[in-house]
Amino acid sequence: MNRREIDLAGDVRTMPEAAEILTEALGRPIAFAQTPIEQVRQYSKEMAVMLEWFERVGYSADIAGLESEFGRAHEAPRPGTPPRAHWANSRRAHMKAVRLLEYGGQLVFNDVPTPTIARDEILVKIRSTAVNHLDLVEASGMARQILPIDLPWIPGHEFSGIVEQIGSDVATCVPGDAVFGTTTGMGAYAEYLAVKAAAIAKKPSNLSFEGAASVPVASQTAWQGLFTHGHLEKEQTILIHGGAGAVGAYAAQLASHAGATVIATASGDDKAYLKSIGASQVIDYREAQFEKVLREKVDMVFDLVGGDTQKRSFLVLKEGGHLVSATQPVSQEETAIHRVSGVMMRLAPSGDGLGRIGRLLEEGTIRPDVATVYAHQDVAQAWKDIAGNLPGVHGMSPSGPGAAKRKSHGKIVLRVA
Ligand SMILES: NC(=O)c1ccc[n+]([C@@H]2O[C@H](COP(=O)([O-])OP(=O)(O)OC[C@H]3O[C@@H](n4cnc5c(N)ncnc54)[C@H](OP(=O)(O)O)[C@@H]3O)[C@@H](O)[C@H]2O)c1
């Protein structure tokens, strides 16, 4: 049950706005002509709390049913009290979504209400979404202090799709536009997504929806790692660790396009691929230690691997060079010893930045890399596939039962429609 749909706490200012949202949520016309707006907000908040409780104890409920049972209730049922009615035949619009009900639990594929949008949001009919490491890490709960999620939770940080509806403040797109972007609240493993209009861009016309869904997180991470944090310039040399991965492949293409010399570490299998996207030297990390192979020091290291790889990277940086890590904090003791700078980045997505990347994709300067496309309901297998790079996270094992041999590079995509 989607709490956003009826919790009007800070979202509405006028009675007609409140009435419009509640009408959609309840599936029948509703008017609050004589009621102060504060009272309407309070009412919707209580309904939202109640629905959350129903959801937690595992009952399927709808607002219309609840309302007829409790009237305009002012108290959420006490935990442990079973619902007194059977809530069936909801008249509201529903959609299929993949959800996690508890940390570390199985993903479930079922019906949830279609989200409604705020004034600065759009409703997107999702065509494809992509799987990221972050989805599994968040679901496992292992990083819940810094990456908390609201359960039940719909995963998915990026998508492509068609604009279905726009909020009253949105002027950058219209229904029917093909778009791609990063999420700004709810997740994208669903048939519909409410997302801030500021986080999307027009889908490059030469990309399929599957290809476009694989772009937003990895490409923007690469862009911001290289240019916002690493200040990479023409004729500098960059070493990219994990160069054939989703982020690394964009980093190699963007750095090479910017006129830098690109050296990458990767598995031997990915050598030819990396050369085809702009790397001038590829070091097989399974066979050799990069600090022993490199003949000259580099201006920048982009670390997409972490651990010992990051530690050894200080040995290959020129004085004054930059280490940008997307995986873990950088030791400031080490940076001082080696007279370099180092920062851990966190992606700050934007529609404008993605639009810039979209133009490079459209003109063929860079290209996406999709490894496998799964059907929406086959998400559990998709997670098993990506777990090869995340042993132990969310109870997954790369060699465990059902784990498929993954293509050596490229993103895992879910086809939703
Ligand atoms: N901070 C942020 O905002 C942000 C944003 C996006 C991603 N990330 C993080 O960035 C990292 C990379 O993400 P991704 O999506 O690109 O992952 P990915 O697609 O799984 O790529 C990881 C790559 O690293 C390679 N690799 C593994 N061990 C290596 C080693 N010791 N030396 C060199 N290469 C090695 C893997 O090759 P094999 O599979 O052949 O071993 C794989 O190609 C992840 O940790 C992700 O969570 C952070």
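Student: Which residue in E2 stands opposite Val 98?
Tutor: In this predicted model, strand E1 covers residues 94-100 and strand E2 covers residues 107-113. The two strands pair in the antiparallel sense over 7 bridges. Opposite Val 98 in E2 stands Phe 109.

Student: Which residue in the turn between E1 and E2 has a positive phi?
Tutor: E1 and E2 form a hairpin, with 6 residues between the two strands. In that turn, a positive phi of about 75° belongs to Gly 104.

Student: Where does His 231 lie, and what is its phi?
Tutor: His 231 belongs to the loop between H6 and E8. This residue is not a glycine, yet its phi is positive, at about 50°.

Student: Which two residues does a cis peptide bond join?
Tutor: The loop between H4 and strand E4 (158-166) contains Pro 152. The bond in question has an omega of about -5°. The residues joined are Leu 151 and Pro 152.

Student: In what order do the 6 strands of the open sheet run, and which are the edge strands?
Tutor: The pairing in this sheet is parallel, and the order is E10-E9-E8-E11-E12-E13. An edge strand here pairs on one side only. The twist averages 15° from one strand to the next. The edge strands are E10 (281-284) and E13 (341-344).

Student: How many bridges join E9 to E10?
Tutor: Strand E9 spans residues 261-266 and runs parallel to E10. One opposed pair is Ala 266 with Asp 284 in E10. The number of bridges joining E9 to E10 is 4.

Student: Which strands does helix H7 lie across, and what is its angle to E9?
Tutor: Helix H7 consists of residues 246-257. The strands that H7 lies across are E8 (237-241), E9 and E11 (298-303). Relative to E9, H7 runs at about 165°.

Student: Are H6 and H12 roughly parallel or roughly perpendicular?
Tutor: The axes of H6 and H12 (residues 351-362) come within 10 Å and cross at roughly 95°. H6 contributes Pro 216, Ser 219, Gln 220 and Trp 223 to the contact, while H12 contributes Gly 353, Leu 354 and Ile 357. Those residues divide into 4 nonpolar, 3 polar and no charged. The crossing angle makes H6 and H12 roughly perpendicular.

Student: Which residues are closest to the ligand?
Tutor: The shell around the ligand has 27 residues. Elements giving two or more residues to this shell are H4 (133-140), H6 (216-229), H7 and E9. By class, the shell divides into 13 nonpolar, 13 polar and 1 charged. The closest residues are Gly 242, Gly 245, Ser 267, Tyr 285 and Leu 347.

Student: Between which domains does the ligand lie, and why?
Tutor: One domain that gives residues to the shell covers 93-215 + 368-417, and another covers 221-344. Because both of these domains give residues to the shell, the ligand lies between domain 2 and domain 3.

Technical notes: Residues are numbered from 1 along each chain as its sequence is written. This is a predicted model: local features need pLDDT of at least 70, side-chain atom pairs count only at pLDDT 80 or more; totals for chains, interfaces and linings use all residues. Two strands pair if DSSP finds at least two bridges between them. Axes are lines fitted to C-alpha atoms, for helices over the stretch in contact, and angles run from 0 to 180 degrees between N-to-C directions. Two residues are in contact if their C-beta atoms, placed from the backbone, lie within 7 Å. A residue is near a molecule or strand if its C-beta atom, placed from the backbone, lies within 6 Å of it. Ala, Val, Leu, Ile, Met, Phe, Trp, Tyr, Cys and Pro count as nonpolar, Asp, Glu, Lys and Arg as charged, and the others, Gly among them, as polar. Domain bounds come from an automatic or database domain assignment. Angles under 35 degrees count as roughly parallel, over 145 as roughly antiparallel, 65 to 115 as roughly perpendicular and the rest as oblique.
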